[in-house]
Every structure is written in C-alpha cells, then in structure tokens.
Amino acid sequence: MADPTGGRQECMQFELMNQVLDMTVTEEEIFMRAGRHTNHFIDGPSGFRVANAPFWHTAQEGDFVLRCRVSVDFQSTYDNGCLFIHDTDERWIKFAFEKNEYGYTSAVAVVTDGISDDCNGERVDGESVWLQILRKGDDWALHYALDGYDWRMVRYFRLRMPETVRVGISLQSPTGDSVTGRFSLLTITENPYTNLRALS
C-alpha cells in the first residue's frame with residue numbers, strides 16, 4: 001500500500017500570515033490555536049469581507065499536490081482547519097474540515113475570485129480527515145479521505161492563478177472565540193496525475 005503522505009518534502013521555507021494565539025511546529029505535526037472571529041471570506045450580497053485567519057504557507061511553483069491530515073477541536077459553528085491556496089485576498093481557495101450550520105462536520109470548498117463561492121460537501125464523521133488539493137495549470141481538484149488512501153472528490157473547477165502561489169494551512173473560527181487544530185504529515189509533491197477527478 002502506498003505511503004499516504006506521498007513522501008516527505010524537506011527544506012520548505014514557511015512563514016506565517018496574520019496573528020496566531022499559539023503555534024508549535026514539529027517534524028510531523030503543526031499545532032495551532034486561532035483567535036476570535038478569524039476567517040477568510042467575501043460575501044457577495046452583504047459586501048462583508050474578512051482575511052484575518054492565520055495562514056502558514058510557502059511559495060509553490062507549477063503543478064502540485066498539497067496534502068495533510070487535519071484535526072480540529074470543534075466548538076463553534078464554522079470552526080475549521082483547512083488547506084489554503086492564496087494569490088491575493090480576493091483570489092484564493094479554501095478546502096476545509098468544518099463544523100457547519102447543521103451541527104455536523106463536512107468537507108467544505110470555498111473558491112474565491114472577487115466573491116466567495118461556498119459549497120458544503122457530504123457529511124464527514126470522525127475526529128480527523130485527510131484533505132488534498134491538486135493543481136494542473138488552472139485546473140484544480142479537491143479530495144478528502146478518512147484513511148489517506150480512499151480519496152473522494154468534493155470539487156473540480158478552473159481558476160486562473162499565477163504560476164507561483166502561496167500554499168499551506170489555515171485555522172479559522174468565524175463565529176467563535178478561538179479554536180485549536182492539528183495538521184499532520186503536511187506534504188507538497190509534484191502532481192503525477194493527468195486525470196484530476198479519478199487520480200489516474
């Protein structure tokens with residue numbers, strides 16, 4: 001059975017965007033605690049926008065697979081830990097393990113190009129989930145897995161972005177006072193897939 005991490009990536013240089021209450025980084029895990037009303041979102045009807053969630057990121061060029069196991073201590077509605085792709089504060093991708101407004105957790109995709117397009121995926125039970133984002137040019141695919149092997153697609157779409165973007169992880173508590181999360185076995189690898197939907 002293949003290694004679900006896809007192989008460790010060494011010597012990546014990460015930096016933090018926005019304030020974090022607490023953060024610890026080890027070889028295998030990143031622990032993070034985000035503060036009150038932290039979020040990335042642009043709402044079309046109301047004009048509300050926010051971009052203050054902590055984002056631990058590195059620059060990545062070309063096609064890639066970003067993959068991580070995400071665990072969140074859910075407390076409030078919309079608490080989430082996510083993979084995050086950032087060009088500007090008006091163009092980004094968020095793929096989150098989130099507690100939704102119905103009280104259960106799901107894999108949520110938010111694609112933002114001036115306005116945020118928010119899409120709840122199917123219910124995902126458990127304390128943690130594997131998330132991955134694949135890039136091939138301007139085509140993107142988002143998958144989740146409970147075990148790191150059996151991947152299910154949540155979204156497949158096109159979004160124009162520059163050749164080099166910021167990629168990494170974010171922790172957000174849009175309605176709460178704080179949230180804690182753990183991100184395990186974060187990897188960034190070359191994209192070996194020609195079919196982003198079927199991973200073949």
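## Close-up views of a predicted model

**View 1. Phe55 sits in strand 6, which covers residues 55–61.** What you're looking at is a predicted model, not an experimental structure. Is Phe55 buried or exposed? Its relative accessibility is 0%, and because buried means under 20%, Phe55 counts as buried. Who are its neighbours, once residues up to four places away in sequence are set aside? Phe55 touches Glu15, Leu16 and Met17, then Phe84 and His86, and also Arg166, Val167, Gly168, Ile169 and Ser170. For a sense of distance, try Leu83: Phe55 and Leu83 are 28 residues apart in sequence, and their C-alpha atoms are 9.2 Å apart in space.

**View 2. Tyr144 belongs to strand 13, made up of residues 139–145.** With a relative accessible area of 6%, Tyr144 is another residue that is buried. Which side chain makes a polar contact with the side chain of Tyr144? Look for Glu122: the two side chains are joined by a polar contact of 2.3 Å. Glu122 also turns up in the list of residues in contact with Tyr144, which leaves aside neighbours within four places in sequence. The others on that list are Phe95, Ala107, Val124, Val129, Trp130, Leu131, Asp150, Trp151, Arg152 and Val154. Now find Thr112, which is 32 residues from Tyr144 along the chain; here the C-alpha atoms are separated by 20 Å.

**View 3. Asn39 is a loop residue, found between strand 3 (29–34) and strand 4 (40–42).** Is this loop residue buried or exposed? At 10% relative accessibility, Asn39 counts as buried. Its side chain has a polar contact of 3.2 Å with the side chain of Lys94. Lys94 is also one of the residues that Asn39 touches, not counting those up to four places away in sequence. The rest of that group is Val50, Ala51, Asn52, Ala53, Gln172 and Pro174.

**View 4. Leu185 and Leu199 are two leucines to check for their backbone angles.** Leu185 is in strand 16, which spans residues 179–189. It isn't a glycine, yet it has a positive phi of about 55°. Leu185 is buried too, with a relative accessible area of 18%. Where is Leu199? Follow the chain into the segment after strand 16 and you'll find it. Leu199 isn't a glycine either, and its phi is positive, at about 55°. At 18% relative accessibility, Leu199 counts as buried.

**View 5. Zooming out, the protein chain has 0 helices and 16 strands.** The chain's radius of gyration is 15 Å, close to the 16 Å that the globule rule gives for 200 residues, so it is as compact as a globular protein of that length. Along the principal axes, the C-alpha atoms fill a box of roughly 40 × 35 × 35 Å. How much of the chain is buried? Of its 200 residues, 52% count as buried. Take the contacts with a separation of 6 or more: 63% of them are between residues 24 or more positions apart. On the outside, the accessible surface comes to about 9400 Å², with 43% of it belonging to carbon and sulfur atoms. As for charge, there are 19 positive and 30 negative side chains, and the centres of these two sets lie 3 Å apart.

Note on methods. Residues numbered from 1 in each chain as written. Predicted model: local features only at pLDDT ≥ 70, side-chain atom pairs only at ≥ 80, totals over all residues. Heavy atoms only, no water. Helix = DSSP H or I, 4+ residues; strand = E, 2+ residues; numbered from the N terminus. Buried < 20%, exposed > 50% of the residue type's maximum accessible area, 1.4 Å probe, protein only. Contact = heavy atoms within 4.5 Å. Polar contact = N/O pair within 3.5 Å; in protein donor to acceptor, adjacent residues only side chain to side chain. Rg over C-alpha atoms; globule rule 2.2 N^0.38 Å. Areas by Shrake-Rupley, 256 points an atom, 1.4 Å probe, with all protein chains shown as cover. Lys, Arg positive; Asp, Glu negative; His and termini not counted. Charge placed at Lys NZ, Arg CZ, Asp CG, Glu CD.
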